[in-house]
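Reader: I would be grateful for a close look at a single part of this structure, set within a description of the whole. Please state the cut-offs behind each term.

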Amino acid sequence: MSGPFHGKRILLGVSGSIAAYKAADLASKLTQGGAEVDVLMTHSATRFVTPLTFRSITHRPVLTDLFDPGSPEAIEHVALAQAAHVLVVAPATAHMLAKLALGLADDPISVTALATGAPVLVAPAMDANMWEHPAVRRNVETLIERGAVIVGPGEGRLASGLTGWGRLAETPELLGRIAKTLGANGDLSGRSIVVSAGGTQEPLDPVRVLTNRSSGKMGYAIAEAARDRGADVTLVTASAAVEPPVGVHVERADTAEQMRNAVQEAVCSADALVMAAAVADYRPADPSGEKLKKEAMADLSVALERTDDIIAGVPDGIVKVAFAAESRDLLKNARAKLKGKGVHLVAANDITLPGAGFGADENKVWLVDEGGDTELPLMAKYDVAMAILDRVVALLGTGRPKGR
Ligand code: CTP
């Protein structure tokens with residue numbers, strides 16, 4: 001198993017909000033991701049969800065009472081706090097925010113927040129009027145000043161029946177922000193990485209486009225992995241079948257031309273560019289402003305014109321990684337792209353291999369650079385992304401092509 005949570009020790013503080021039930025899903029996803037999750041609950045949280053729920057999910061004891069003489073965890077809570085990689089308080093009620101801001105310590109969560117040196121991530125959940133109250137705003141500011149990461153709340157329907165800001169952030173948002181927090185001091189910390197992804201769409205008329213089979217999954221995995229190693233990530237994305245990762249800057253670029261412009265702008269302040277996007281090499285030369293009607297023509301021929309090669313046009317001075325999706329002569333074509341595009345690394349994949357490439361969750365690539373070729377096994381796109389980023393880190397480390 002791999003991923004940002006693997007082998008991490010996560011403390012999950014659950015305070016007394018109706019959103020406490022959502023913390024069960026968060027605990028489950030973190031546990032499935034390979035984290036050791038220790039849940040801390042306030043007394044009021046146990047009235048919404050039982051400790052047994054969390055114990056069944058995490059396979060770990062749940063700490064509800066610091067003064068329980070029968071609980072070894074109660075005695076060891078300071079050790080727990082010191083071993084943790086992150087403390088996540090989700091949901092955090094207005095009362096819990098106040099306690100954390102003031103430094104009160106009368107329940108397992110607030111005590112642990114004082115005892116831990118780990119980063120603290122706080123996900124508030126309350127009624128919209130409470131969230132807007134100056135007392136709550138002040139407490140949130142205090143926590144931010146002290147370095148806490150505040151996630152959400154989101155807008156939507158609240159338990160009170162009102163609609164407004166106060167909903168606990170959704171699980172994918174929380175997972176992404178926890179991963180980013182865990183990786184903040186990684187080997188790409190302080191680096192700015194631009195990743196392109198997805199398949200461009202070149203309009204034929206207002207309804208139809210010329211596009212390709214890219215799902216965006218490989219590029220999104222690279223953006224996610226770079227985030228999890230501490231990079232500041234700009235994801236320039238064309239059409240994709242999946243949601244972009246949380247915690248990266250997303251720039252939308254539908255056509256090859258829009259992508260060229262967005263990439264050119266983004267690389268000005270970047271250390272590396274990874275072009276995973278499937279960019280159209282040709283676009284309709286004269287797209288119709290009106291929908292093409294089939295009655296109007298017997299046959300249809302479309303004149304196409306070349307688009308610019310985006311990565312080949314990026315000036316030297318940053319690390320450049322291209323992909324090569326090939327159906328034959330994989331390594332020969334990849335080596336030609338390495339030279340022709342003036343890049344440091346080509347990730348080459350054979351699109352005819354079953355279970356790899358377009359749309360799949362796994363990929364099999366060869367890494368081709370001036371030193372030779374390395375064959376990687378078929379593996380999750382996140383792991384392929386990590387292998388590519390290992391090379392990026394090494395290239396940045398040599399001091400060869402650094403940020404401009
Ligand atoms: N690429 C690019 N700009 C383009 C086309 C491709 O920057 N207009 C990038 C892709 O993002 C990828 C690499 O170049 O990183 C190789 O793309 P690929 O489609 O495999 O190769 P092409 O250069 O288009 O060559 P061919 O289609 O002849 O294989």
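Author: The answer below turns to a nonpolar surface patch and then to the whole protein.

The model is predicted: local features need pLDDT of at least 70 and side-chain atom pairs count only at pLDDT 80 or more, whereas totals for chains, interfaces and linings use all residues. Residues are numbered from 1 along each chain as its sequence is written, and side-chain values use heavy atoms, leaving out hydrogens and water.

L210, Y282, L300, V302 and L304 make a nonpolar surface patch of about 420 Å². Patch members have over 30% relative accessible area and no salt bridge (a side-chain nitrogen of Lys or Arg within 4 Å of a carboxyl oxygen of Asp or Glu); like charges are joined within 9 Å, and nonpolar side chains (Val, Leu, Ile, Met, Phe, Trp, Tyr) within 5 Å. Areas come from the Shrake-Rupley method with a 1.4 Å probe, and for residues only the protein chains shown count as cover. Within this patch, L304 belongs to strand β15, residues 304-306; strands are DSSP runs of E with at least two residues, helices runs of H or I with at least four, numbered from the N terminus. L304 is partly exposed because its relative accessible area is 44%, where buried means under 20%, exposed over 50%, and partly exposed in between (1.4 Å probe, protein chains only).

As for the whole, the protein has 14 helices and 21 strands. Of its 404 residues, 49% count as buried. The protein exposes about 18,900 Å², with 51% supplied by carbon and sulfur atoms. The average pLDDT, the predictor's confidence in each residue from 0 to 100, is 93.
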